[in-house]
Amino acid sequence: MTKTPESMRDYVPGVRTLTIANKPVQPAGQRWEVVNPATEQVLAEVGGASSEQVDQAVRAAREAFGGWAALRPEERSAAIHRLADVLEARVDELLASIVNEVGTPVSLAEGLQVKMGLGHLRWQAEAAKKDRTVHLGGYDQPVPTMSEVSHYPVGVVAAITGYNYPLNLAIFKFGAALAAGCTVVLLPSPRTPLTTLLLGELSREADLPDGVFNVIVGDAEVGRRLSSHPGVDKVSFTGSDAVGAKIMEQAAANLSGVTLELGGKSASIVLPGCEVESFAEEMHLRWSRNGGQGCAALARLLVHDDLYDRFLAASTGAFDQMHVGDPWDPKTNIGPMIRPEHRDRVQSFVDGSIDEGGRVLLSVDQPVPDKGYYINPVLLGGLPHTARAVQQEIFGPVAVVVPFRDAEEAIDLANDTAYGLAANIWAPDLDEGRRVAERLRAGTVWINGGGAMRPDAPFGGSGRSGVGREIGEWGIHEYLEPRHVQWRV
């Protein structure tokens, strides 16, 4: 940040207009209040798109598609880089908007919520230049021929994002779609629309061709109209598996393709032979970041019997480091839940687990602020692997620990879930970690903590974690169709 946190504490983007065909458009749909989850104060009143404006945005994207797809790859790359330039010049505003409407602590938000996404956008801009043609060579039945597989863009993409990472989730979708030659209509969660409205304004400053990148906001009905629109060729959605199932059903009416990045109940496995004291704190500080509101939160802790007591003893320091409160306080690393009903849902997992015979093993016991939708982090234990808190995505700062006897049982437990998004393995050596990783039903597996989300690696999962992949070449191919071209020789 170039500006101080105090100078940006009260910042709210002033943009209330939609972006359609590279022009600001006054919303004509329903209106609602956007609330700061840390203070319960109203940040803004916004208006959503009307049905006619959804149609207008899709039509603008359709009309722009031919020209955008026909540009030389280097021209598309330059336009995406130009958008990244504009976003980087306004990092302070994007960051402050996210802190205030999502509640992510500023100590984490700059890296997790802004810089990571911009790094991915730069990678996508460069990836727009790539020639993905595959030369298959000769084939002699029934006559000699040669073949190649080229690719063409899917068309108009409806990009629908979740509330927890409004900028990153948008970039993962529209950056890949634009690089592939598609045009986009972006719709954010109605809980956090302000950052996306600002993004629309910044896209106009970047002077993208009219209709290439459109931004609308709205409620579930706006989302239904967009995902079921006959003018949309591909729907990309990030959110809960329940809503993802509805999105798939809506898109199916037009046989539109879908990419769904949904929930998870990701396991973090501690194998025998590990020095748990060296990483126990890291494990807890990871699942609790962004208040646990992350689809790949590693909040199902599977720990070998022999290490269980040592693990709990080594974990106490993590809870001493968890500071719940004002997101603008540099000491804070646990912010609020997005809304009171979500806080209550998270709390219901804790209360229900205790009613089922579970125990709170560790927790932060300091009083939470009087204002804001806060909940203290909790580690639960004493639950069977079939318990609700073990099987369902909580999406809050609550983790559960389950012991296991041997590596085989750990693998069985890790795979015993409806989700298949991510996992982490703590292993005494890399070979053992990789052996276990190969048997996990998960789209991403970290070993011994792994690293950051790479812009060139796929992200997504199987089962109720979704359909398809985002990020990297795999993410770009979600917006491309293969074309086989064959000729006689």
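Let's start with two helices: in this predicted model, α3 passes α6 in a right-handed crossing. Their axes are 9 Å apart, and the helices pack at an angle of about 155 degrees. That angle makes α3 roughly antiparallel to α6, because anything over 145 degrees falls into that class. Which residues make the contact between them? On the α3 side you'll find R76, I80 and L83, and on the α6 side F174, G175, L178, A179 and A180. Sort the residues of this contact by class and you get six nonpolar, one polar and one charged.

Now stay with α3, which covers residues 73–89, and turn to another partner, helix α7 (residues 194–205). Here the axes come within 9 Å and cross at roughly 125 degrees. So is α3 oblique or roughly antiparallel to α7? The angle makes this pair oblique, since 125 degrees is not over the 145 degrees needed for roughly antiparallel, nor does it fall in the 65 to 115 range for roughly perpendicular. The crossing of α3 with α7 is right-handed. Look for L83, V86 and L87 on α3, which meet L199, L202, S203 and E205 on α7. This contact has five nonpolar residues, one polar and one charged. Did you spot L83? That residue of α3 takes part in the contact with α6 and also in the one with α7.

Helix α7 has a further partner to look at, helix α4, which spans residues 91–102. The axes of α4 and α7 come within 9 Å, and they cross at roughly 160 degrees. With that angle, α4 is roughly antiparallel to α7. This crossing is right-handed too. From α4, the residues E93, L94, S97, I98 and E101 make the contact, and from α7 they are L194, T195, L198 and L202. By class, that comes to five nonpolar, two polar and two charged residues. L202 is worth a second look, as this α7 residue is part of the contact with α4 and of the one with α3.

Next, let's go inside. The largest nonpolar core has 86 residues, and the members that touch the most others are F174, V184, L186, I216 and L226. Which helix gives the most to this core? Helix α6, made of residues 166–180, does, with nine residues. F174 is a familiar name here, because you can now place it twice: as a member of this core and as one of the α6 residues facing α3 in their contact. To get a feel for the packing, pick V184 and look around. Setting aside neighbours within four places in sequence, V184 is in contact with A61, V157, A159, F174, A177, L178, V212, F213 and N214. Apart from this core lies another one, of 33 residues, with L380, V390, A407 and A427 among them.

Let's move on to some single residues in loops. G382 sits in the loop between β15 (378–381) and α13 (388–391). Is G382 buried, exposed or partly exposed? Its relative accessible area of 41% makes it partly exposed, because that class runs between 20% and 50%. If you skip residues up to four places away in sequence, G382 touches G357, G358 and R359. F404 is 22 residues from G382 along the chain, and their C-alpha atoms are separated by 12 Å.

R132 lies in a loop as well, the one between α5 (106–127) and β5. With 12% relative accessibility, R132 counts as buried, because this is under the 20% limit. And what does R132 touch? Beyond its neighbours within four places in sequence, it is in contact with A127, V149, H151, E473, I476, H477 and L480.

Finally, check out some backbone oddities. Most residues other than glycine have a negative phi, and most peptide bonds are trans. A21, in the loop between β1 (18–20) and β2 (23–25), has a positive phi of about 55 degrees without being a glycine. L255 also has a positive phi of about 55 degrees and is not a glycine. You'll find L255 in the loop between α9 (241–252) and β11 (257–261), and at 76% relative accessibility it counts as exposed. Then there is the peptide bond joining Q141 and P142, which is cis, with omega about -10 degrees. P142 is in the loop between β5 (134–139) and β6 (145–153).

Methods: Residues numbered from 1 in each chain as written. Predicted model: local features only at pLDDT ≥ 70, side-chain atom pairs only at ≥ 80, totals over all residues. Heavy atoms only, no water. Core = buried A, V, L, I, M, F, W, Y, C linked by side-chain atoms within 4.5 Å. Buried < 20%, exposed > 50% of the residue type's maximum accessible area, 1.4 Å probe, protein only. Helix = DSSP H or I, 4+ residues; strand = E, 2+ residues; numbered from the N terminus. Contact = heavy atoms within 4.5 Å. Axes fitted to C-alpha atoms, helices over the stretch in contact; angles between N-to-C directions. Parallel < 35°, antiparallel > 145°, perpendicular 65-115°, else oblique. Left-handed = near helix turned anticlockwise from the far one by under 90°. Nonpolar A, V, L, I, M, F, W, Y, C, P; charged D, E, K, R; others polar.
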